[in-house]
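The exercises below are to be worked through with the sequence and the coordinates at hand. Each task is followed by a stepwise solution.

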Amino acid sequence: MDDRGGSFVAVRRLSQGLDRGNNLHSTSGAEAVAGSAAWLGRGLSCVCAQRRESDARPSFDLTPSQEECLVRLQNRIDVTYNSSIPEHQEALKALWKAAFPEEELVGLISEQWKEMGWQGKDPSTDFRGGGFISLENLLYFSRKFPDSFQDLLHKREGDRALWEYPFAVAGVNITFMLIQMLDLEAVKPRSFVGAIFLKLLLENESAFDLLYCITFKLMDHQWLSMHASYMDFNTVMKATRRQLERELLQEEVTRLEDLPSYGLLIRPSSYKI
């Protein structure tokens with residue numbers, strides 16, 4: 001996932017009438033195909049790293065506690081994925097086990113990874129845009145909201161497109177988008193959304209991971225609402241970001257559980273944008 005572009009893996013739905021409870025994840029229900037890098041590489045920087053006039057606001061002062069929380073999160077963001085580090089290897093294995101508990105993983109480099117929506121047989125090549133924290137986000141999602149995680153992984157809900165977004169690479173995109181949206185690499189926030197998030201982070205040190213789960217589910221909801229296919233991923237991500245910013249700016253939001261989109265994780269059928 002770098003600015004040079006490359007190929008990506010889309011998922012072609014072979015059966016439009018799959019039961020929502022179908023747990024199949026093998027290529028009998030979907031097949032991986034290669035395509036142009038429309039929303040990875042060059043496309044990613046267009047969606048997630050763009051600057052807008054609304055971002056050009058004075059920075060907000062931080063309390064010492066907020067500064068400490070931000071630095072700890074920034075330290076996580078700075079960690080690149082390294083396939084030679086045992087901790088990173090174990091995290092990747094844990095992600096596979098969470099995704100496909102019934103299927104034994106052959107190795108850290110294997111064609112099996114395409115089943116999860118990685119671009120190729122080596123997931124480490126896809127972490128360049130999100131770093132190790134993007135793997136931590138996926139793991140957190142699988143453990144905190146296993147049902148929603150499985151629903152997204154297997155595309156169980158809604159009337160899906162013939163060509164679906166690849167789950168894992170979409171997850172790395174979401175991590176990158178949130179880092180950019182919240183301006184988390186700055187010394188202190190330069191937007192109201194960033195300042196609000198730091199207040200939430202002070203109350204809950206797992207706020208970034210939780211917001212990631214909310215955003216992933218919201219992105220999929222937008223995908224279905226827009227009847228999107230893989231060429232629409234940029235548009236869906238932009239819509240997701242706008243909706244998330246609107247919700248974070250609501251006065252009644254004092255914790256992430258107050259976000260309307262949080263309801264998607266626990267009661268998706270009743271959610272309305």
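**Exercise 1. Range of the contacts**

Determine what share of the contacts with a separation of 6 or more comes from residues 24 or more positions apart.

Solution. Step 1: take a contact as heavy atoms within 4.5 Å. Step 2: among contacts with a separation of 6 or more, residues 24 or more positions apart supply 73%. Step 3: note the conventions. This is a predicted model, in which local features need pLDDT of at least 70 and side-chain atom pairs count only at pLDDT 80 or more, while totals for chains, interfaces and linings use all residues. Residues are numbered from 1 along each chain as its sequence is written, and side-chain values use heavy atoms, with hydrogens and water left out.

**Exercise 2. Confidence**

State the average pLDDT and find where pLDDT stays under 50.

Solution. Step 1: pLDDT is the predictor's confidence in each residue, from 0 to 100. Step 2: its average over the chain is 81, and 76% of the residues score at least 70. Step 3: residues 1–56 stay under 50, and the model has 131 contacts beyond four places in sequence for them. Step 4: where pLDDT is low, the predicted coordinates should not be read in detail.

**Exercise 3. Elements and burial**

List the order of the elements and give the percentage of buried residues.

Solution. Step 1: helices (H or I, at least four residues) and strands (E, at least two) are DSSP runs, numbered from the N terminus. Step 2: the chain has ten helices and three strands, in the order β-β-α-α-α-α-α-β-α-α-α-α-α. Step 3: buried means under 20% relative accessible area, exposed over 50%, and partly exposed in between, with a 1.4 Å probe and protein chains only. Step 4: of the 273 residues, 52% count as buried.

**Exercise 4. The largest nonpolar core**

Which residues touch the most other members of the largest nonpolar core, and which helix gives the largest share of this core?

Solution. Step 1: a nonpolar core is a set of buried Ala, Val, Leu, Ile, Met, Phe, Trp, Tyr and Cys residues joined through side-chain atoms within 4.5 Å. Step 2: the largest one has 68 residues, and Met-116, Trp-118, Phe-197 and Phe-216 touch the most other members. Step 3: helix 8 (residues 207–225) contributes the largest share, eleven residues. Step 4: leaving out residues up to four places away in sequence, Met-116 touches residues including Leu-95, Trp-96, Phe-100 and Phe-167.

**Exercise 5. Helices 7 and 8**

Compare the end-to-end length of helix 7 and of helix 8 with the expected span.

Solution. Step 1: the expected span is 1.5 Å times one less than the number of residues. Step 2: helix 7 (residues 192–203) has twelve residues and reaches 17 Å between its first and last C-alpha, close to the expected 16 Å. Step 3: helix 8 has 19 residues, an expected span of 27 Å and end C-alpha atoms 26 Å apart, which agrees. Step 4: 17 of the 19 residues of helix 8 are buried, so this helix is largely enclosed by the rest of the structure. Step 5: in helix 7, the buried residues include Val-193, Phe-197 and Leu-201. Its buried residues pack against helix 2 (64–77), helix 6 (167–181), helix 8 and helix 9 (233–248).

**Exercise 6. Two positive phi angles**

Are Lys-155 and His-227, both with a positive phi, buried or exposed?

Solution. Step 1: most residues other than glycine have a negative phi. Step 2: Lys-155 has a positive phi of about 55 degrees although it is not a glycine, and sits in the loop between helix 5 (146–153) and strand 3 (163–164). Its relative accessibility is 6%, so Lys-155 counts as buried. Step 3: His-227, also not a glycine, has a positive phi of about 50 degrees and lies in the loop between helix 8 and helix 9. With 68% relative accessibility, His-227 counts as exposed. Step 4: in helix 5, which precedes Lys-155, six of the eight residues are buried. What covers them includes helix 3 (86–99), helix 4 (132–144), helix 6, helix 8 and helix 10.

**Exercise 7. Cysteines**

How many disulfides does the whole structure hold?

Solution. Step 1: a disulfide is a pair of cysteine sulfur atoms within 2.5 Å. Step 2: the search finds zero. Step 3: Cys-69 is buried at 5% relative accessible area, and Cys-213 is buried at 0%.
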